[in-house]
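Visitor: Please show me this model, and explain how each descriptive term is justified.

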Amino acid sequence: MTPFLSNDFLLMNETAKTLYHDYAAKMPIIDYHCHIDPKEIYEDRRFENIAQLWLGGDHYKWRIMRSNGVAEEYITGSAPDREKFQKFAEALPRAIGNPMYHWCHLELKNYFGYEGVLNAETAQQVWDLAEKRLAEDPKMSARGLITGSNVMMVGTTDDPCSDLKYHKLLKEDGFEVAVCPSFRPDPALNLHKAGFNAYIEKLSAASGIKIESAKDVCKALSQRIDFFHENGCRAADHGLDYVMYQPATDEEIEAAFQKALKGEALTKQEIEGYQTALLLHCGREYARLDWAMQLHFSCMRNPNSRRFATLGPDTGFDCMAVTDSCAALYSLMDAWEKEEKLPKTILYSLNPADDQWLDTLLGAFQSSQIPGKIQHGSAWWFNDNKVGMINQLTSLANLGILGNFVGMLTDSRSLLSYARHEYFRRILCNLLGTWVENGEYPADIPFVGSLVEDICTNNAKRYFNL
């Protein structure tokens, strides 16, 4: 029987072990999309206990607790940290097959030196070990955790109105890891959602442009894009419910914008016409500056209206959605391509049924600008598990060029989530090692190892101009 979480965890053959230990394990991490607060990094935050470090803001863990019948008081409520941790420790052993079980134990092993298993009985032992380590080890701070994880770059997610204060301070401070902002303009595109008028006022103030028209919104976004670029931004990110493509005249776009400002109801066609126009504008700007554009879609956000009303967004109630984004995405990409202003693009669908058509789309829009200009992003969110990763890697390999893949990201708010890169690398090495051992690829270990190094680090380094 193979022991749990051994040195060869998930590595099922000798080639896989060689690829991981000799090639993947040493490669720096480029975490090009995450939700870590740059303020925490600048202030080098320290945590009092493992609950603060582990449970605060981590909706993956919250969902496990809720699924085990834990009351909200112990999840997002006011229960003491020790009690919250106990409830999580009681729930975790039941999550067999869930990647959270692996991630948690990799984190305990890598950052706290804990070789056991977390459960109701060991919770106090783990709590005490973590509390002592967090208090006494100078490396257990925000910056220490990042540098100790061999991270080369952190890509945060930032509102266009941000002054990027902490990114600037980190650069002035000489922090050895690049902490780069990413441009996330969703509120400016969502004219049909609550708070749009207030956001337009905020964007106007941040850009110094008086926004009275849809064209003014584009001008303001362009100003903020240039500001972000001056401060190290090399990527944008859009969270779309679904991909839309609804060409509209300037007059139609302006009419929709004015209706939104007046609080009037909008038709689906009006909403999509405005969103398409702004998305096309942003894409042109990203292409101008050689940014990478990330499009996330097919997510059903906040379906539980009662919980949304009491807890708000991003609290662990989102789901996969089945959307018809295929034809719209083809048309959107083609619109940029016809103008020769298609930016580097990374595509993520939360619905794994979209993998294959996405991987065929890549081949229709590649260019000589950069190998793998159009990317199928890593298995995202609910697909971020062993099977999901294998399926995404296999589909990309079958229908595209896996060797040009820009690899893994954490998409996390946790400073311990770099263990997910290890998880991905072990799965990647096992997959490639299996193909080699099956005779499906030559046993040229140095070359296969170089592919592993590229997927782990080098491709992303080139792609994001680091």
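**Terms set against values**

Guide: Leu451 is found in helix H20, which covers residues 445-463; helices (H or I, at least four residues) and strands (E, at least two) are DSSP runs, numbered from the N terminus. This is a predicted model, in which local features need pLDDT of at least 70, side-chain atom pairs count only at pLDDT 80 or more, and totals for chains, interfaces and linings use all residues. Residues are numbered from 1 along each chain as its sequence is written, and side-chain values use heavy atoms, with hydrogens and water left out.

Visitor: Why is Leu451 called partly exposed?

Guide: Its relative accessible area is 22%. Buried means under 20%, exposed over 50%, and partly exposed in between (1.4 Å probe, protein chains only). Leu451 therefore belongs in the middle class.

Visitor: With which residues is Leu451 in contact, leaving aside its neighbours within four places in sequence?

Guide: Gly403 and Tyr441 are in contact with Leu451 under that exclusion, where contact means heavy atoms within 4.5 Å. Leu451 also lies 9.7 Å from Leu19, C-alpha to C-alpha, although 432 residues separate the two in sequence.

Visitor: What makes Asn430 count as buried?

Guide: Asn430 has a relative accessibility of 16%, and this value falls under the cut-off, so the term applies. The residue is placed in helix H19. Beyond its neighbours within four places in sequence, Asn430 is in contact with Leu10, Leu11, Met12, Asn13 and Ala16.

Visitor: Is Leu10 buried or exposed, and how do you know?

Guide: Leu10 is buried because its relative accessible area is 11%. This residue lies in the segment before H1.

Visitor: What is the phi of Leu10?

Guide: The phi of Leu10 is near 70°, a positive value in a residue other than glycine. Most residues other than glycine have a negative phi. Asp44 also has a positive phi, near 55°, and is not glycine. Asp44 is found in the loop between helix H2 (38-42) and H3.

Visitor: Why does Asp44 count as partly exposed?

Guide: The relative accessibility of Asp44 is 30%. That figure lies between the two cut-offs, so Asp44 is placed in the intermediate class.

Visitor: Why is strand S4 said to be largely enclosed by the rest of the structure?

Guide: Five of the five residues of S4 (residues 235-239) are buried, so the description follows.

Visitor: Which residues of S4 point one way and which the other way?

Guide: Ala235, Asp237 and Gly239 point one way, whereas Ala236 and His238 point the other way, and all are buried. In a regular strand the side chains alternate between the two faces of the sheet.

Visitor: What makes S4 and strand S5 a pair?

Guide: S4 and S5 (residues 292-297) share five bridges in the parallel sense. Two strands pair if DSSP finds at least two bridges between them, so five bridges satisfy the condition. Opposite Asp237 stands Gln294 in S5.

Visitor: Why is strand S2 also called largely enclosed?

Guide: S2 spans residues 151-155, and four of its five residues are buried, so the term is used here too. S2 pairs with strand S1 (residues 29-31) in the parallel sense over three bridges; there, Ile30 has Met153 of S2 as its bridge partner. S2 also pairs with strand S3 (residues 178-180), again in the parallel sense over three bridges, with Cys180 in S3 as the bridge partner of Gly155.

Visitor: Which residues of helix H5 are buried?

Guide: In H5 (residues 81-91), the buried residues are Lys84, Phe85, Gln86, Phe88, Ala89 and Ala91. Helix H3 (50-54), helix H4 (59-67), H6 and helix H7 (123-136) are among the elements that cover them.

Visitor: How many residues has the largest nonpolar core?

Guide: The largest nonpolar core has 153 residues. Such a core is a set of buried Ala, Val, Leu, Ile, Met, Phe, Trp, Tyr and Cys residues joined through side-chain atoms within 4.5 Å. Those with the most contacts inside it are Tyr32, Trp54, Phe88, Phe112, Leu118 and Leu329. H19 gives the most to this core, with nine residues.

Visitor: Which residues does Phe112 touch, not counting residues up to four places away in sequence?

Guide: Phe112 touches Ile50, Leu53, Glu107, Leu129, Ala130, Arg133, Leu134, Met140 and Leu416.
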